[in-house]
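Me: I am new to this structure and would like to go through it slowly, asking what stands behind each term. Please show it to me before we begin.

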Amino acid sequence: MDAVALYEEARTRDTGQSGHYNRNVRVETADGPVVVRMRNHHAEAMDLALWPEPEVLAAIADRVPSAPRLLHAGTDPDFQIHGFVGGRRVDTLAPEGAALPGAVLDGVEGLYRDLLRVPLSALPPVPRDWPDEGDTTGFAGRLTSLVQAIRHRGDEEAEGLYEALGVPKDPCGVLRERFRGLAARRFGLLHADVHRQNMILTDAGRVAFLDWELALWGDPVYDLADHLHKTAYRADQAREVTEGWERSAPLECRRGWRPDLGTYLAFEAVKSAVVDTVRWGRRIADAEEAGERTRLARELAAKLAAARPHWEAGARTVPRPGEIEEAVARHRV
């Protein structure tokens, strides 16, 4: 396999699936299709990241069979080649709000079972200043620090939009206090980005989980909360997934997990509002049709409404969609 030639072929195409951090392009070879995965170095960091993705995939190759197979990792240029997974991406089978096939729920439970049995010794080294084993409060502090940095990362226009829409300067102030009460739990390997677009229901009826660039070593309850938030299950299936996680997670990973799951879900709502105020603001500003602008403004209003109960007491009421459109027009980000 001439990896660089495959990269050059993929790089010139305008096809493929693009996420926030990477673009994936299917390329045919004499031995069958592969996926060329190319890093977007201009993407703003919106998530914690601990290790280079190829190192994670190499470490878990024999321990997490639902992860993609790493065939090549290049550094100059920066790209990967993964084994192609045949099947249907789950969001094309069941868009947000729709019930997911039972095989997907079983696959998610199996993923958690595999993840939480990977020892730290099998993974790449963590930074020396990473929270110690079981320090869930320290781990959560990394999450809130990132959101605080995102909140104050932008220019004057972004700051103006945040203020106009009532996003506090310290959006995690209340949550920071709640995080101090997290139960101590054994850490585990977290995927930290499992959602409908990152799951493939294979032709064999199994589930493959893509996009491991955000994998972490930390509190397993956070991984569950992140998944529930991003996947937007129906209530009955959210219960099924939660029960599956409880069955698959070792006891030492589950201590005090039920109230802490609610705290992490509150964090996810706050993070979404902070990140998407600017992202949706840009989409609203770029939308050419009034109906599209209104739809996006309604979505942003819902995100702000979900976060508001977790901000400081006396937080402003959530602006209406029309007010959001007006604020975006004044503060183009």
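**Terms and the values behind them**

Me: Why is threonine 144 called buried?

Reply: Threonine 144 has a relative accessible area of 3%, and buried means under 20% relative accessible area, with exposed over 50% and partly exposed in between, using a 1.4 Å probe and protein chains only, so threonine 144 is buried. The model is a predicted one, in which local features need pLDDT of at least 70 and side-chain atom pairs count only at pLDDT 80 or more, while totals for chains, interfaces and linings use all residues. Residues are numbered from 1 along each chain as its sequence is written, and side-chain values use heavy atoms, leaving out hydrogens and water.

Me: Where is threonine 144 found, and which residues does threonine 144 touch?

Reply: Threonine 144 belongs to helix α5 (residues 136-151), where helices (H or I, at least four residues) and strands (E, at least two) are DSSP runs numbered from the N terminus. Leaving aside residues up to four places away in sequence, threonine 144 touches Cys172, Arg176, Phe179 and Phe267, contact being heavy atoms within 4.5 Å.

Me: What makes phenylalanine 179 and phenylalanine 267 an aromatic pair, and why is the pair called tilted?

Reply: Rings of Phe, Tyr and Trp (its six-membered ring) pair if their centres lie within 6.5 Å, and planes under 30 degrees apart count as stacked, over 60 as edge-to-face and the rest as tilted. The structure holds nine aromatic pairs; in the one formed by phenylalanine 179 and phenylalanine 267, the centres are 6.1 Å apart and the planes 55° apart, so the rings pair and the pair counts as tilted. Phenylalanine 179 lies in helix α7 (residues 173-179) and phenylalanine 267 in helix α10 (residues 257-286), so this pair ties together parts that are 88 residues apart in sequence. Both phenylalanine 179 and phenylalanine 267 are buried.

Me: How do you know that tryptophan 245 and tryptophan 257 form a tilted pair?

Reply: Their centres are 5.1 Å apart, with 55° between the planes, so these values meet the conditions for a tilted pair. Tryptophan 245 is in helix α9 (residues 235-248) and tryptophan 257 in helix α10, so the pair ties together parts that are twelve residues apart in sequence. Tryptophan 245 and tryptophan 257 are both buried.

Me: What sits over the ring of tryptophan 280?

Reply: The charged end of lysine 303 does, at 4.4 Å from the ring centre, and arginine 283 lies over the face of tryptophan 280 at 4.5 Å. A charge sits over a ring if NZ of Lys or CZ of Arg is within 6 Å of the ring centre and within 35 degrees of the ring normal.

Me: Why is strand β5 described as largely enclosed by the rest of the structure?

Reply: Five of the six residues of strand β5 (residues 78-83) are buried, so the strand is largely enclosed by the rest of the structure.

Me: How do you know that β4 and β5 pair?

Reply: Two strands pair if DSSP finds at least two bridges between them, and strand β4 (residues 70-75) is joined to β5 by five bridges in the antiparallel sense, so the condition is met. β4 and β5 form a hairpin with two residues between them, and alanine 73 stands opposite glutamine 80 in β5. Strand β3 (residues 32-39) is also antiparallel to β5, over five bridges, with arginine 37 opposite glutamine 80.
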